[in-house]
Amino acid sequence: MEVIYCCYAGSHTSVTAAGIHLGLLPTTVRPLPSEILSLPNFDQGSARRLGHVRKLGEDEYGNNVYVAGLGPNRAVTLTALRLVLAGSHVKPDDLCIVDALSCISFWVRLGGFLSRRCGCVWLGRPLCVWGILARYGCFVRLVSEVKAICRT
Amino acid sequence: MATTRTLLVHSGAGVAALIVGLRHLGDEAVCTHLPKLWPAVSRPGRFICLSQEGNRVICLNSGGSGDIAQRLTEAAGVLWHVTHFSPLYVKEGMFCRLRFWLYLRFPAQKWLLGFELSQRSGS
């Protein structure tokens, strides 16, 4: 199965959800800020170059886990992504597109804007981590629901 | 796995995408078909599949996210090895939506779509 976690820039919420999915972050306790910061591609990439998809790894069931940054108009970019995948070897039933923005908080939005758009990394990055930790339970629930689908 | 060559052509208002999708037809035929097909792509995210000389052409209205959609489809094509799929972002002239709205009311004024029609050969 192909699991794609999507968000605005593909650098905060989707990376966190994918990190939990791949076992890079714990599910029973809240991780340390350093664990979130050490996630691959966390808070990387420019907000001015949105629209990318990359593979983060493979989970314990053999599912490929990806992150995608879809930009502000997700309905359009998601349609474009689905059209490409419709022409690929991926069967529609083997595709799981997850909106990781359902777990976003104001602080992650603000932090992401400051870090990626304004280049104020020293302030934006800690705000993102703080916002993610504040809603960490939501991320764990989201990933557990996705994993339940992947297992079946 | 689909093997038909597919071209995903998209533009900000969907007009230029449709014109490229109908590029195998002459100007007259394009101008005749446009008003009938445009409702299918009138809003961002909507698309229509056309057949063009044995190939499949998907015309998508990408709204203001044309650049993002282009990068995303190119990246996805590489990642999932979709070799028979080519995305193409066609830029539209100024006030394309307004010009097309006027064209729908005055179909004889084909010059209103002059810029988009002239792009067909280069696309």
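**Exercise 1. Find the side chain that S115(A) touches through a polar contact, then work out what else surrounds S115(A).**

Solution. Start with the contact itself: the side chains of S115(A) and D43(A) are joined by a polar contact of 2.7 Å. Keep in mind that this is a predicted model. Next, place the serine: S115(A) sits in helix α4 of chain A, residues 106-117. Now check its cover. S115(A) has 2% relative accessibility, so it counts as buried, the cut-off being under 20%. Finally, list its contacts, setting aside neighbours within four places in sequence: D43(A), C120(A), V121(A), G124(A) and R125(A).

**Exercise 2. D43(A) also takes part in a salt bridge; trace it and say whether its two ends are buried or exposed.**

Solution. First, find the partner: D43(A) meets R116(A) in a salt bridge, 3.1 Å from N to O. Then see where the two ends sit. D43(A) is in the loop between α2 (33-37) and β2 (52-58) of chain A, while R116(A) belongs to helix α4 of chain A, 73 residues apart. Now for the cover: D43(A) is at 0% relative accessibility, so it is buried, and R116(A) is buried too, at 18%.

**Exercise 3. Compare the two ends of the salt bridge between E60(A) and K147(A).**

Solution. The closest N and O atoms of this pair are 3.0 Å apart. E60(A) lies in the loop between β2 and β3 (64-69) of chain A, and K147(A) lies in helix α6 (residues 136-151), 87 residues apart. Turn to accessibility: E60(A) is exposed at 54%, whereas K147(A) is buried at 13%.

**Exercise 4. Over in chain B, work out which way the side chains of strand β2 point and how the strand pairs.**

Solution. Take strand β2 of chain B, residues 47-52, one face at a time. I48(B), L50(B) and Q52(B) point to one face and are buried. F47(B), C49(B) and S51(B) point to the other face and are not buried. Next comes the pairing: 6 bridges join β2(B) to the antiparallel strand β3 (residues 55-61) of chain B. One example is S51(B), whose bridge partner in β3(B) is R56(B). Last, look at the turn. The hairpin has 2 residues between the strands, and E53(B) takes a positive phi near 50 degrees.

**Exercise 5. Locate L98(B) and find the surface patch it helps to make.**

Solution. L98(B) is in helix α4 (residues 96-105) of chain B. With a relative accessible area of 47%, L98(B) is partly exposed. Together with M94(B), F95(B) and W101(B), L98(B) makes a nonpolar surface patch of about 500 Å².

Notes: Residues are numbered from 1 along each chain as its sequence is written. Chains are lettered from A and ligands numbered from 1 in the order in which they are written. This is a predicted model: local features need pLDDT of at least 70, side-chain atom pairs count only at pLDDT 80 or more; totals for chains, interfaces and linings use all residues. Side-chain values use heavy atoms; hydrogens and water are left out. Patches are made of residues with over 30% relative accessible area and no salt bridge: like charges are joined within 9 Å, nonpolar side chains (Val, Leu, Ile, Met, Phe, Trp, Tyr) within 5 Å. Accessible areas come from the Shrake-Rupley method with a 1.4 Å probe; for residues, only the protein chains shown count as cover. A salt bridge is a side-chain nitrogen of Lys or Arg within 4 Å of a carboxyl oxygen of Asp or Glu. Helices (H or I, at least four residues) and strands (E, at least two) are DSSP runs, numbered from the N terminus. Buried means under 20% relative accessible area, exposed over 50%, partly exposed in between (1.4 Å probe, protein chains only). A polar contact is a pair of N or O atoms within 3.5 Å; within protein, one must be able to donate a hydrogen and the other to accept it, and residues adjacent in sequence count only if both atoms are side-chain atoms. Contact means heavy atoms within 4.5 Å. Two strands pair if DSSP finds at least two bridges between them.
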